[in-house]
Amino acid sequence: MQIYKTITLSLLSIITPMLFAQSMESITITSPTMPSITAPTLGSGFYTPRSAGSYNYPSKKQQSVVADTNADSIKNFEEDTEIASSEIQQKAKELLSTLTADDIQQMSKNGLLNQLGNILGADTSSMTGVELSNLYTSKSKSASNILLSQVISEIEEIKEQNKKLQEQVANITKTLENENAYSSYSNTGSIVANNTASSSRHTQSSHLIKFSVNGYDVLRTCHTIYISDVQQDGTFLVTGDRKYQSDGKTRSETFHLLFKTAANSSSQTYSAAAAVTQDSFNQYSFLYQLSQRDDLQATRIGNLVSMKTVDPDWKLELLIDLGEEN
């Protein structure tokens with residue numbers, strides 16, 4: 001029995017390592033594989049921001065063509081602008097209204113407006129009116145508007161003729177001085193002045209008492225005012241120069257107001273027309289706004305002429321003393 005156990009243990013000690021070695025050989029341990037990751041590549045599928053300096057510049061040949069084209073365009077533009085500017089300047093030179101109240105007042109004192117009464121009393125049925133550059137007025141074809149533009153045009157012409165006459169006198173005087181013969185003709189200029197002055201009959205007894213718009217005192221800004229003689233039919237002209245402040249600048253304007261009695265009406269009722277010239281256009285000026293109105297009416301009581309507007313947003317109050325009894 002003891003021998004049997006010994007043999008059995010010996011056999012187990014031999015067989016067991018063999019079996020264990022065979023089982024270990026049949027077991028295979030496989031290491032896990034890492035997943036493959038495909039890295040993205042830059043291409044059309046991705047947005048690539050362009051830097052501020054990245055630009056496909058044209059070739060030198062292309063640049064030359066563009067430069068020549070731009071040069072031609074600029075040259076044509078400058079030529080067209082020059083032609084247009086020349087035409088505008090020529091038109092402005094022919095039609096520009098530079099008439100001021102001071103001009104009219106001086107011409108009146110020198111007797112150059114003795115014919116003004118004939119113009120103010122003229123029949124407007126055959127008149128078409130005259131458009132003057134820088135003279136702003138309404139587009140109304142009323143008799144008062146037509147007459148106002150005609151009167152201003154006529155006075156402008158008188159002013160221009162007088163200017164040429166003064167230039168001629170100055171040239172003659174200079175010539176005589178150069179020839180040392182001035183003493184023989186020294187009274188030439190005084191004769192012209194005396195003749196014009198002696199023919200003046202207008203005396204400025206009339207005046208503006210009140211002129212305001214929306215409570216603003218327009219009269220306070222006026223420095224020269226001329227009021228013509230009242231014609232037989234009651235027609236008369238008022239012209240004024242004013243200076244005022246706008247946007248920190250000193251601006252200047254000249255206004256013209258014509259008061260004309262309507263046909264078949266009494267001399268107590270007037271149809272009025274307004275016009276204004278400005279150193280530069282200002283649509284916010286009360287006088288410009290006045291010049292655009294077509295509904296101006298005035299009444300006369302004694303020697304006082306009153307004009308008011310009924311517009312609640314634009315209230316004009318004008319009172320004139322004509323300096324004479326009706």
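This report covers one helix face, three residues with positive phi and an aromatic cluster in a predicted model.

**Helix H3**

Helix H3 spans residues 101-109. Its buried residues are Ala101, Ile104, Gln105, Met107 and Ser108. They sit on the same side of H3, because they cover an arc of only 165° around the axis. That buried set packs against one helix and three strands: helix H5 (143-178), strand E4 (222-227), strand E5 (236-246) and strand E6 (249-261). Glycine 111 follows just after H3 and takes a positive phi of about 75°.

**Positive phi outside glycine**

Most residues other than glycine have a negative phi. Asparagine 214 has a positive phi of about 55° although it is not a glycine. Its place is the loop between strand E2 (207-213) and strand E3 (216-217). Asparagine 214 is partly exposed, at a relative accessible area of 40%.

Aspartate 247 also is not a glycine, and its phi is positive at about 55°. This residue lies in the loop between E5 and E6. Both of those strands are packing partners of the buried residues of H3. Is aspartate 247 buried or exposed? Aspartate 247 counts as exposed, because its relative accessibility of 75% is over the 50% cut-off.

**Aromatic cluster**

The structure holds 8 aromatic pairs. One of them joins tyrosine 136 and tyrosine 288. Its geometry is edge-to-face, with 5.6 Å centre to centre and 80° between the planes. This pair links distant parts of the chain. Tyrosine 136 belongs to strand E1 (residues 135-137), and tyrosine 288 to helix H7 (residues 286-291). They are 152 residues apart.

Tyrosine 288 also pairs with phenylalanine 281. That contact is edge-to-face too, at 5.1 Å centre to centre and 90° between the planes. Tyr136, Phe281 and Tyr288 thus form one aromatic cluster.

How do the cluster members stand in accessibility? The table gives the values.

| Residue | Relative accessibility | Class |
|---|---|---|
| Tyrosine 136 | 22% | partly exposed |
| Tyrosine 288 | 15% | buried |
| Phenylalanine 281 | 46% | partly exposed |

Tyrosine 288 counts as buried because its 15% falls under the 20% cut-off. Tyrosine 136, at 22%, counts as partly exposed. Phenylalanine 281 is partly exposed as well, at 46%.

Technical notes: Residues are numbered from 1 along each chain as its sequence is written. This is a predicted model: local features need pLDDT of at least 70, side-chain atom pairs count only at pLDDT 80 or more; totals for chains, interfaces and linings use all residues. Side-chain values use heavy atoms; hydrogens and water are left out. Buried means under 20% relative accessible area, exposed over 50%, partly exposed in between (1.4 Å probe, protein chains only). Helices (H or I, at least four residues) and strands (E, at least two) are DSSP runs, numbered from the N terminus. The arc is that of the directions from the helix axis to the C-beta atoms. Contact means heavy atoms within 4.5 Å. Rings of Phe, Tyr and Trp (its six-membered ring) pair if their centres lie within 6.5 Å; planes under 30 degrees apart count as stacked, over 60 as edge-to-face and the rest as tilted.
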